[in-house]
Structures are given as structure tokens and as C-alpha cells.
Amino acid sequence: YVSVRGAQNNIAVFSIDPQSGVPYPLQFVSSEGIMPRHFALDLSGIWLAVANQKSHSIVWLRRDPVTGRLRSTGDSSGQLDSPMCVAFVPAS
């Protein structure tokens with residue numbers, strides 16, 4: 001996964017060719033915001049949270065655990081003050 005800022009504002013999903021080890025693009029998904037500064041997978045590997053710094057939101061994308069592809073859920077945090085990092089902390 002790679003965040004692509006600028007005009008695209010998306011998350012690029014790559015796969016790795018098992019024969020050559022070369023990554024190739026699998027999918028490009030909108031970050032649903034402006035300037036996807038950071039993103040993180042939750043501990044289950046099902047959810048990818050994207051911190052969109054300039055649109056002031058964290059957007060939730062659902063990850064397919066088999067293919068790694070992402071899809072929009074329409075869920076976001078609402079307005080935050082320029083989020084720049086996402087971190088998941090295990091419950092104690």
C-alpha cells in the first residue's frame with residue numbers, strides 16, 4: 001500500500017509477482033480526502049484507516065483479507081484538525 005498525494009489523492013494497492021518478486025499495481029482507491037498523509041491497518045487486517053491531512057478526516061476502507069484489495073465504506077471520522085498519523089493500540 002502506498003499513499004499518492006497531489007491530484008490523485010488515492011491509495012495504491014500493489015501485489016508482488018511470486019516468480020520475479022517485482023511489484024505491480026493491483027488497484028488505485030480514492031482516499032476520499034485531500035493529502036492522504038498516513039494510513040494504517042487495524043490489528044485484524046480488515047480495516048485501513050487513512051488520515052487525510054488537508055480535508056481534516058480519517059476515512060475507513062475495508063480490506064479483503066484474501067486479495068488485499070480495498071473498498072470504500074463511506075465511513076469517516078468527521079472533521080479533525082489536520083490528522084497526520086493513525087495508530088492502533090491493542091486493548092489491555
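**Entry 1: a bridge to start from.** I began with Ala51 and looked up which residue it bridges to in β6: the partner is Ile58. A reminder to myself: this is a predicted model, so I am reading computed values throughout.

**Entry 2: the two strands around that bridge.** Next I checked how β5 and β6 run against each other. They pair in the antiparallel sense, over 6 bridges. For my own bookkeeping, β6 covers residues 57-63 and β5 covers residues 47-52.

**Entry 3: the sheet they belong to.** I then asked which strands make up the open sheet, and in what order. There are 4 of them, ordered β4-β5-β6-β7, and the pairing is antiparallel. The edges are β4 (36-41) and β7 (70-76); each has a single partner strand, so one side of each is left without a neighbour in the sheet. I also looked up the twist: neighbouring strands here are turned by 25 degrees against each other on average, with direction ignored.

**Entry 4: Asn52.** Back to β5, because I wanted to know whether Asn52, a residue of that strand, is buried or exposed. Its relative accessibility is 0%. The cut-off for buried is under 20%, so Asn52 counts as buried.

What does the side chain of Asn52 have for polar company? I found the backbone oxygen of Ser31 at 2.9 Å from a polar atom of that side chain.

I listed the contacts of Asn52 as well, leaving out residues up to four places away in sequence. Ser31 turns up again, followed by Glu32, Gly33, Ile34, Met35 and Pro36. The others on the list are Ser57, Val59 and Pro83.

**Entry 5: stepping back to the chain.** I counted secondary structure and got 0 helices and 7 strands. Read from the N terminus, the elements go β-β-β-β-β-β-β.

For overall dimensions, I noted that the C-alpha atoms fill a box of roughly 45 × 40 × 20 Å along the principal axes. The radius of gyration is 13 Å, which agrees with the value near 12 Å that a compact globule of 92 residues would have.

**Entry 6: burial, contacts and surface.** How much of the chain is buried? Buried residues come to 33% of the 92. Among contacts with a separation of 6 or more, 38% join residues 24 or more positions apart. Last number for the page: the chain exposes about 5,600 Å², and carbon and sulfur atoms supply 55% of that area.

Technical notes. Residues numbered from 1 in each chain as written. Predicted model: local features only at pLDDT ≥ 70, side-chain atom pairs only at ≥ 80, totals over all residues. Heavy atoms only, no water. Helix = DSSP H or I, 4+ residues; strand = E, 2+ residues; numbered from the N terminus. Buried < 20%, exposed > 50% of the residue type's maximum accessible area, 1.4 Å probe, protein only. Polar contact = N/O pair within 3.5 Å; in protein donor to acceptor, adjacent residues only side chain to side chain. Contact = heavy atoms within 4.5 Å. Pairing = 2+ DSSP bridges. Axes fitted to C-alpha atoms, helices over the stretch in contact; angles between N-to-C directions. Rg over C-alpha atoms; globule rule 2.2 N^0.38 Å. Areas by Shrake-Rupley, 256 points an atom, 1.4 Å probe, with all protein chains shown as cover.
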